[in-house]
Amino acid sequence: IAPLAGPALISLVDEIRHLDVGDGRLAHVAIDGIDRTDEVRGADVDAAVSRYSSIAELRQALLGFQRTLAADGRLIMAGRDIGTVVLPDADLKLFLDAPVEERAARRASERGFDPNAAEATAILDELRRRHGLDTGRAVAPLRKAPDALILNTAGNEFETTVRLVVEAITAAAAAAPPTEAAAPAAMSRRERTARAQRRPIRPSA
């Protein structure tokens, strides 16, 4: 479906489902009952995603879906506007950063490309292009939330970054008010999510 076909795109939102991979993580994506995870992570989606992510009506249609997922808490959600637009009252916001060259090298490695191959250069060019589009778009641009903790992952092995994220979550949990029991905490998250539900996406100044 072309990016200009707004109503047709929005109608697909109800067909999206996150699938439990067996350990409680909703790490797979199904569309119309078919697991499309591998396709979502492919090069074709990388090349097209910025054109679709700039459609305000589509982002608005996805907001309720995303916020419902997070309503009960205990969820890690990744995205370029999660901390600023989707979940502005999240308990913890992490902003992972690394040079675009390193991010491109990681992606090339994931896809089995030689770092000096033309395919690796194409990935780097695409990441640069997408970064420019995502930071410059009028609707929900890529921004670091003012209260986000920045984790510089340059030079890290995957396991090192995972450890840093786990440490940040553990520290945030330890610093939370001890008087909040589990049930009230869940209710508090629901209340924050409900408030966020009422915040529409607005163009950036």
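**Why the labels fit**

Me: T161 touches L96, T153 and N156, leaving aside residues up to four places away in sequence. What makes these residues count as touching T161?

Reply: In this predicted model, a contact requires heavy atoms within 4.5 Å, and by that rule L96, T153 and N156 are in contact with T161. T161 itself is placed in helix 8, which covers residues 158-175.

Me: Why does T161 count as buried?

Reply: The label buried is given under 20% relative accessible area, and T161 has a relative accessibility of 13%, so T161 counts as buried.

Me: How do you know that the side chains of D46 and R107 meet in a salt bridge?

Reply: A salt bridge needs a side-chain nitrogen of Lys or Arg within 4 Å of a carboxyl oxygen of Asp or Glu, and the distance between D46 and R107 is 2.9 Å, N to O, so the pair meets the definition. This pair links distant parts of the chain, since D46 lies in helix 3 (residues 43-53) and R107 in helix 6 (residues 100-110), 61 residues apart. In general, side chains of opposite charge can pair when their charged atoms come close.

Me: Is D46 buried or exposed, and what is R107 called at its relative accessibility?

Reply: D46 has a relative accessible area of 13% and is therefore buried, whereas R107, at 24% relative accessibility, counts as partly exposed, because that label covers values between the 20% and 50% cut-offs.

Me: Which residues of helix 3 are buried, and what do the buried residues of helix 3 pack against?

Reply: The buried residues of helix 3 are D46, A48, S50 and S53, and these buried residues pack against helix 4, helix 6 and helix 7.

Me: What makes D134 and R80 a salt bridge?

Reply: The closest N and O atoms of D134 and R80 are 2.7 Å apart, and this value is set against a cut-off of 4 Å, so the pair qualifies. Here too distant parts of the chain are linked, with D134 in helix 7 (residues 118-136) and R80 in the loop between helix 4 (56-70) and helix 5 (82-86), 54 residues apart. D134 is buried because its relative accessibility is 1%, while R80, with a relative accessible area of 24%, is partly exposed. R80 and D134 also belong to a network of salt bridges that links them with R130 and R137, and a search of the whole structure finds 13 salt bridges.

Me: How far apart in helix 7 are E126 and R129, and what is the distance between the closest N and O atoms of their salt bridge?

Reply: E126 and R129 both lie in helix 7, 3 residues apart, which is about one turn of the helix, and the closest N and O atoms in their salt bridge are 2.7 Å apart. R129 has a relative accessible area of 35%, so R129 is called partly exposed.

Me: How do you know that strand 1 and strand 2 pair?

Reply: Two strands pair if there are at least two bridges between them, and 4 bridges join strand 1 to strand 2 (residues 28-31), which run antiparallel, so the condition is met. One of the partners can be named: R17 has A30 in strand 2 as its bridge partner.

Me: How many bridges pair strand 2 and strand 3, and which strands of the open sheet are called edge strands?

Reply: Strand 2 and strand 3 pair in the antiparallel sense over 2 bridges, which meets the requirement of at least two and therefore counts as pairing. A30 stands opposite D35 in strand 3. The open sheet has 3 strands in the order 1-2-3, and its edge strands are strand 1 (16-19) and strand 3 (34-35), each of which pairs on one side only.

Me: What makes the phi of R74 notable, and why does R74 count as exposed?

Reply: Most residues other than glycine have a negative phi. R74 is a residue other than glycine with a positive phi, near 55°, and R74 lies in the loop between helix 4 and helix 5. Exposed means over 50%, and R74 has 83% relative accessibility, so R74 counts as exposed.

Key
Residues numbered from 1 in each chain as written. Predicted model: local features only at pLDDT ≥ 70, side-chain atom pairs only at ≥ 80, totals over all residues. Heavy atoms only, no water. Buried < 20%, exposed > 50% of the residue type's maximum accessible area, 1.4 Å probe, protein only.
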